[in-house]
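Visitor: I should like to discuss the architecture of this chain with you, beginning with the packing of its helices. May I put my questions one at a time?

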Amino acid sequence: MTTFSIMFVCTGNMCRSPIAERLAVSALERHLGDAAGTFRVFGAGTGTYAGREMTPEAAAVVSAYGGDPDGFRSTELTADLVGAADLILTATRAHRSAVVTLDPGALRRTFTLTEFARTTAALADRAPEPDLAVLSAATEVAAASGAVGATSLAATDPAGTADRLAAASEAEGDGAVDASPTDPVERARAVVAVVARQRGTVRPGTPDEDDIPDPIGRPMAVYEAAGATISQAVATSIAALVGARA
């Protein structure tokens, strides 16, 4: 069975990435049902060791958004894990750099979580026809348009994102355009390829919007703020990958 692997990365793999991981699993199950098993979702930390539980505050955030926090244990980020992931979404730009330092070849499939969500949402919005025939038009519009910050994601309707993005994906080599794949795994791969080509064209309002603050050791309000950003970005990203409404 062909699968698609998503890895979420933060520092301790106890707060931000576990929240994202468990909410992504929940979103995949909601959108795909039994086919959610074709997606593997896991997380890792750049400065942790294996076997730590997520913090109680993080578990409460996961539960509040309908996810299941039970049974989680932390994992240390390794080059092998990076190599096993089809898409790597990080809590901050520093984590993104840490991933690419371990495996420079992972650059085209590594993004901050808010960067990936912002780009998929903006490109879908800028490509009004689901059967978009060429990527160049979306590229030109994206390059000429203003910034779309992480705070604006909630106002963006991601419906049709994957159809629009995957239909825009250029085939390697001859410049032909692939039709939007119906298989969820192939669709997800097509979306990642398009977002990689558009990296940097959909800028945040401020650079800090691509960094989700670490809530560990801080008040519950900080966890809740991080959880709101993560939930929003995960919902947009998973909807884009599988071609669903967030």
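Visitor: At what angle do helix α1 and helix α2 pack?

Guide: This is a predicted model, and every value given here is computed from it. Helix α1 covers residues 16–32 and helix α2 covers residues 56–64, and their axes lie 9 Å apart. The packing angle is about 25 degrees.

Visitor: How is the orientation of α1 to α2 classed?

Guide: The angle between the two is about 25 degrees. Angles under 35 degrees count as roughly parallel. Therefore α1 is, relative to α2, roughly parallel.

Visitor: Which hand has the crossing of α1 and α2, left or right, and which residues of α2 make the contact?

Guide: The crossing of α1 and α2 is right-handed. On the α1 side, the contact is made by P18, I19, R22 and L23. On the α2 side, the contributing residues are A58, V61 and V62.

Visitor: How many residues of the contact of α1 with α2 are charged?

Guide: Six residues of this contact are nonpolar and none is polar. Arg counts as charged, and R22 of α1 takes part in the contact. The number of charged residues is one.

Visitor: How is the orientation of α2 to helix α9 classed?

Guide: Helix α9 comprises residues 220–242, and its axis is 10 Å from that of α2. The two pack at an angle of about 45 degrees. An angle under 35 degrees would count as roughly parallel, and one of 65 to 115 as roughly perpendicular. The pair falls in neither range, so α2 is, relative to α9, oblique.

Visitor: Which residues of α9 make the contact with α2?

Guide: α2 passes α9 in a right-handed crossing. From α2, the contact draws on E57, A58, A60 and V61. The contact residues divide into five nonpolar, one polar and two charged. Those contributed by α9 are M220, Y223, E224 and G227.

Visitor: Is S231 buried or exposed?

Guide: S231 is placed in helix α9, and beyond its sequence neighbours up to four places away it touches L23 and Y65. Its relative accessibility is 17%. The cut-off for burial is under 20%, so S231 counts as buried.

Visitor: Which residues does T229 touch, leaving aside those up to four places away in sequence?

Guide: T229 is also a residue of helix α9, and with a relative accessible area of 29% it is partly exposed. Its C-alpha atom is separated by 8.1 Å from that of T114, although the two are 115 residues apart along the chain. The residues touched are T114 and I212.

Visitor: With which side chain does the side chain of R118 form a polar contact?

Guide: R118 is found in helix α5, residues 113–126, and at 2% relative accessibility it counts as buried. Its side chain reaches the backbone oxygen of V202 at 2.9 Å. A polar contact of 2.9 Å also joins it to the side chain of D210.

Visitor: What is the approximate phi of N13?

Guide: N13 lies in the loop between β1 (4–10) and α1, and its relative accessibility of 0% makes it buried. Most residues other than glycine have a negative phi. The phi of N13, by contrast, is positive, near 50 degrees.

Visitor: Which residues does A106 touch, leaving aside those up to four places away in sequence?

Guide: A106 is placed in the loop between α4 (93–102) and β4 (110–112). Its relative accessible area is 0%, so it is buried. From R96, ten residues away in sequence, it is separated by 9.8 Å, C-alpha to C-alpha. The residues touched are V82, I88 and V99.

Visitor: What share of the contacts with a separation of 6 or more joins residues 24 or more positions apart?

Guide: The secondary structure comprises nine helices and four strands, in the order β-α-β-α-α-β-α-β-α-α-α-α-α from the N terminus. Of the 246 residues in the chain, 52% are buried. The share of those contacts made by residues 24 or more positions apart is 76%.

Technical notes
Residues numbered from 1 in each chain as written. Predicted model: local features only at pLDDT ≥ 70, side-chain atom pairs only at ≥ 80, totals over all residues. Heavy atoms only, no water. Axes fitted to C-alpha atoms, helices over the stretch in contact; angles between N-to-C directions. Parallel < 35°, antiparallel > 145°, perpendicular 65-115°, else oblique. Left-handed = near helix turned anticlockwise from the far one by under 90°. Contact = heavy atoms within 4.5 Å. Buried < 20%, exposed > 50% of the residue type's maximum accessible area, 1.4 Å probe, protein only. Polar contact = N/O pair within 3.5 Å; in protein donor to acceptor, adjacent residues only side chain to side chain.
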